[in-house]
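This report examines one protein structure, shown below. It considers aromatic rings, strands, cysteines and two acidic side chains in turn.

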Amino acid sequence: MKKSKGARIIITLECPCRNSNDKNKRKKGIFRYTSTKNRKNTPNRIELMKFCPNCNQHEKFKEIK
């Protein structure tokens, strides 16, 4: 029997560089990652350090709705 994932939900992480008009950006646009989190253990929004190919550096990605 296969167990279900239970309380895990799919979230979207977005780079905060989408609002800046920085000249060092590689290209324009919004970059997003998708991930999962446990709803019971993390009720608040999470932030993760990920690589953003648009601004060509590691940024703190924030969870969006």
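The predicted model holds 2 aromatic pairs. A pair of aromatic rings is described by the distance of the centres and the angle of the planes. The table sets out these two values for each pair.

| Aromatic pair | Centre to centre | Angle between the planes | Geometry |
|---|---|---|---|
| F31 and Y33 | 5.2 Å | 85° | edge-to-face |
| Y33 and F61 | 5.2 Å | 65° | edge-to-face |

The pair of Y33 and F61 links distant parts of the chain: Y33 belongs to strand 2, F61 belongs to strand 4, and 28 residues separate them. Through these ring pairs, F31, Y33 and F61 are linked into a cluster.

How buried or exposed are the members of this cluster? F31 is partly exposed, with a relative accessibility of 25%. Y33 is also partly exposed, at 24% relative accessible area. F61, by contrast, is buried, and its relative accessible area is 0%. The ring of Y33 has a further partner, because the charged end of K50 sits over this ring at 4.8 Å from its centre, within the 6 Å that the definition of such an arrangement allows.

**Strand pairing**

The strands that carry these residues are joined by bridges. Strand 1, residues 8-14, and strand 2, residues 32-38, run antiparallel and are joined by 7 bridges. Within this pairing, L13 has Y33 of strand 2 as its bridge partner. Strand 1 is also joined to strand 4, residues 57-64, by 3 bridges, and these two strands run antiparallel. Here E14 stands opposite K62 of strand 4.

Strand 4 has another pairing, with strand 3, which covers residues 47-52; the two are antiparallel and share 6 bridges. One bridge partner of this pairing is K60 in strand 4, which lies across from M49. Strand 3 and strand 4 form a hairpin with 4 residues between the strands, and in this hairpin N56 takes a positive phi near 60°.

**The cysteines**

How many disulfides does the structure hold? The number is 0. A disulfide is a covalent bond between the sulfur atoms of two cysteines. The cysteine sulfur closest to that of C15 is the one in C17, at 3.1 Å, and this is too far for a bond because a disulfide requires the two sulfur atoms to be within 2.5 Å. The same distance applies when C17 is taken as the starting point: its nearest cysteine sulfur is that of C15, 3.1 Å away, and C17 is in no disulfide.

Are these two cysteines buried or exposed? C15 has a relative accessibility of 2% and therefore counts as buried, given that the limit for this class is under 20%. C17 is buried as well, with a relative accessible area of 9%. C17 is placed in the loop between strand 1 and strand 2. The C-alpha atoms of C17 and F31 are 8.9 Å apart, although the two residues are separated by 14 residues along the chain.

**Two glutamates**

E14 and E59 may be described in a similar way. E14 has its place in strand 1. This residue is buried, and its relative accessible area is 6%. Its side chain makes a polar contact with the side chain of R32 at 2.6 Å. When neighbours within four places in sequence are left aside, E14 is in contact with I30, F31, R32, F61, K62 and I64. Two residues of the aromatic cluster, F31 and F61, are thus among the contacts of E14.

E59 lies in strand 4. At a relative accessibility of 18%, E59 counts as buried, because the limit for this class is under 20%. The side chain of E59 makes a polar contact of 2.6 Å with the side chain of Q57. Apart from neighbours within four places in sequence, the residues in contact with E59 are C15, P16, L48, M49, K50 and C52. These contacts include C15, one of the cysteines discussed above, and K50, whose charged end sits over the ring of Y33.

Terms used: Residues are numbered from 1 along each chain as its sequence is written. This is a predicted model: local features need pLDDT of at least 70, side-chain atom pairs count only at pLDDT 80 or more; totals for chains, interfaces and linings use all residues. Side-chain values use heavy atoms; hydrogens and water are left out. Buried means under 20% relative accessible area, exposed over 50%, partly exposed in between (1.4 Å probe, protein chains only). Two strands pair if DSSP finds at least two bridges between them. Rings of Phe, Tyr and Trp (its six-membered ring) pair if their centres lie within 6.5 Å; planes under 30 degrees apart count as stacked, over 60 as edge-to-face and the rest as tilted. A charge sits over a ring if NZ of Lys or CZ of Arg is within 6 Å of the ring centre and within 35 degrees of the ring normal. A polar contact is a pair of N or O atoms within 3.5 Å; within protein, one must be able to donate a hydrogen and the other to accept it, and residues adjacent in sequence count only if both atoms are side-chain atoms. Contact means heavy atoms within 4.5 Å.
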